[in-house]
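The following exercises are to be worked with the sequence and the coordinates at hand. Each task is followed by a solution in steps.

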Amino acid sequence: MADEYVESGIPFLRSLNILPYRLNLGEVKYISPSFHERLRKSSLQPGDVVVVRTGKPGTATVIPEHLEVANCSDLVIIRPGDGIDARYLAYYFNSSAGQSHVDARSVGSVQKHFNIGDARRMKLRVPPPLVQERIADILGSLDDKIEANRAMNRTLEAMAQALYREWFVDFGPFQDEAFGDSELGRVPEGWEVGPFSRLATLHTKTIQPKEAPSTEWEHYSIPAYDAGERPAVDRGVTIKSGKYRVPPSAVLASKLNPRFPRVWLPDVQNPDVAICSTEFMPFVPVRAEWRSFLYSMIWSDPIQESIQMHASGTTPSRQRVRPTVIAKLPVLIPPADAIDRFSRQAAPLQKQRLANLRESVTLAETRDYLLPKLLSGEIEVGTQTGAAGAL
């Protein structure tokens, strides 16, 4: 298939593009219209339910209206007939009951596969269409708010990055100052170029299982991501291998390809029990109030490109960046007062992003609590047209 990918054309969905309840088109591939015609059997249309076969079998979502033409590989395609709400069907697959059904019928000793024949033989509770629609509306309203939060966070992130470029790449607020040459180009006079370690330290205090055998931790893990917006958080886990502590002011950067150099602001609620995978680099700014500056700097194009250049490994899929190399990278070191002023402007943007993430976590937990109860009929829904539709 890789030989058939083109720069632009018909979106071609794979397992990694299918998340519970939604699509992740950040790494979507494309095929030509002519190849799409040859693959009519796997052609998609809005309203289809697509289910992952390999990787995380059973993960499902509905093809949205805006994706008018698409194709796919290694997905079960379900085109619901009369009496079946596509959203209801996707929610069933993502529920504990649906996942249990898929897990029980997945085959393979190393990597599990969900076969199309098993999908055809699935039996599920099918309430009347109006009840299906009402269940999908209730759960969908929660997912709509989560998606709205994601969209807002993308905007906030873009604003923070634009602000950083204005200050420390284009030097907009400093145009009236004299400029001089440096190894990084023209910079305001008096600004320095020095190693990254002058702005942040790498916090790699490792916690071993024997040190806290009965402690339950909040664990930031790789490689499970929420669409690149935050690392997965496993709450109440016990340590089974060495982990890093995560201080409240830390910025997490991944060192594992293809996920480096992604960067996150972890929402550390209790630093006494916050840990992360050793595939992270937990950087702590020399001043806690510079956290927003450090985060924006690592995300900036110059630093991203520099980190990519210093990756090492025999194959692209096994490449990593070494924290000791990052610590020595030459970076622009603005005066402390410039960083302070920038941080005061950028911090509210990051604070709002974290608030949106917290709200989305609560909404997702509410959805996951309601999902099995609605699907089983334990919670009944109102279906009268025009009624308030309370649970």
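**Exercise 1.** Classify Val331 as buried or exposed, and describe its surroundings.

*Solution.* Step 1: the model is a predicted one, and Val331 has a relative accessible area of 1%. Because the limit for a buried residue is under 20%, Val331 counts as buried.
Step 2: Val331 belongs to strand E23, which spans residues 330-333.
Step 3: beyond neighbours within four places in sequence, Val331 contacts Leu184, Glu192, Val193, Gly194, Pro195, Phe196, Leu199 and Ile303. One of these partners, Glu192, is 139 residues away in sequence, yet the two C-alpha atoms are 8.5 Å apart.

**Exercise 2.** Determine which residues of the largest nonpolar core touch the most other members, and which elements contribute to this core.

*Solution.* Step 1: the core holds 38 residues, and Phe196 and Phe283 touch the most other members.
Step 2: two or more residues each come from helix H5 (129-168), strand E19 (251-254), strand E22 (280-285), helix H6 (291-299), helix H7 (301-309), E23 and helix H9 (336-376). H9 supplies the largest share, six residues.
Step 3: the contacts of Phe196, apart from neighbours within four places in sequence, include Phe283, Leu294, Met297, Ile298 and Val331.
Step 4: a second, separate core has 29 residues, among them Tyr21, Val102, Met122 and Leu374.

**Exercise 3.** Find the backbone atoms that the side chain of Thr61 reaches.

*Solution.* Step 1: Thr61 is located in strand E8 (residues 60-62) and is buried, its relative accessible area being 1%.
Step 2: the Thr61 side chain reaches the backbone oxygen of Tyr21 at 3.1 Å and the backbone nitrogen of Arg22 at 2.9 Å.
Step 3: residues touched by Thr61, not counting those up to four places away in sequence, include Ile18, Leu19, Leu23, Asp48, Val49, Val50 and Ala90.

**Exercise 4.** State where Thr204 is placed and how its accessibility is classified.

*Solution.* Step 1: Thr204 lies in the loop between strand E14 (200-202) and strand E15 (206-207).
Step 2: the relative accessible area of Thr204 is 35%. Since partly exposed covers the range between 20% and 50%, Thr204 is partly exposed.
Step 3: Val246 is 42 residues from Thr204 along the chain, with 8.8 Å between their C-alpha atoms.

**Exercise 5.** Identify the stretch with pLDDT below 50.

*Solution.* Step 1: the chain has a mean pLDDT of 87, with 92% of its residues at 70 or more.
Step 2: the pLDDT is below 50 over residues 384-391, a stretch with 11 contacts in the model beyond near neighbours in sequence.
Step 3: predicted coordinates should not be read in detail where pLDDT is low.

Note on methods. Residues are numbered from 1 along each chain as its sequence is written. This is a predicted model: local features need pLDDT of at least 70, side-chain atom pairs count only at pLDDT 80 or more; totals for chains, interfaces and linings use all residues. Side-chain values use heavy atoms; hydrogens and water are left out. pLDDT is the predictor's confidence in each residue, from 0 to 100. Contact means heavy atoms within 4.5 Å. Helices (H or I, at least four residues) and strands (E, at least two) are DSSP runs, numbered from the N terminus. Buried means under 20% relative accessible area, exposed over 50%, partly exposed in between (1.4 Å probe, protein chains only). A polar contact is a pair of N or O atoms within 3.5 Å; within protein, one must be able to donate a hydrogen and the other to accept it, and residues adjacent in sequence count only if both atoms are side-chain atoms. A nonpolar core is a set of buried Ala, Val, Leu, Ile, Met, Phe, Trp, Tyr and Cys residues joined through side-chain atoms within 4.5 Å.
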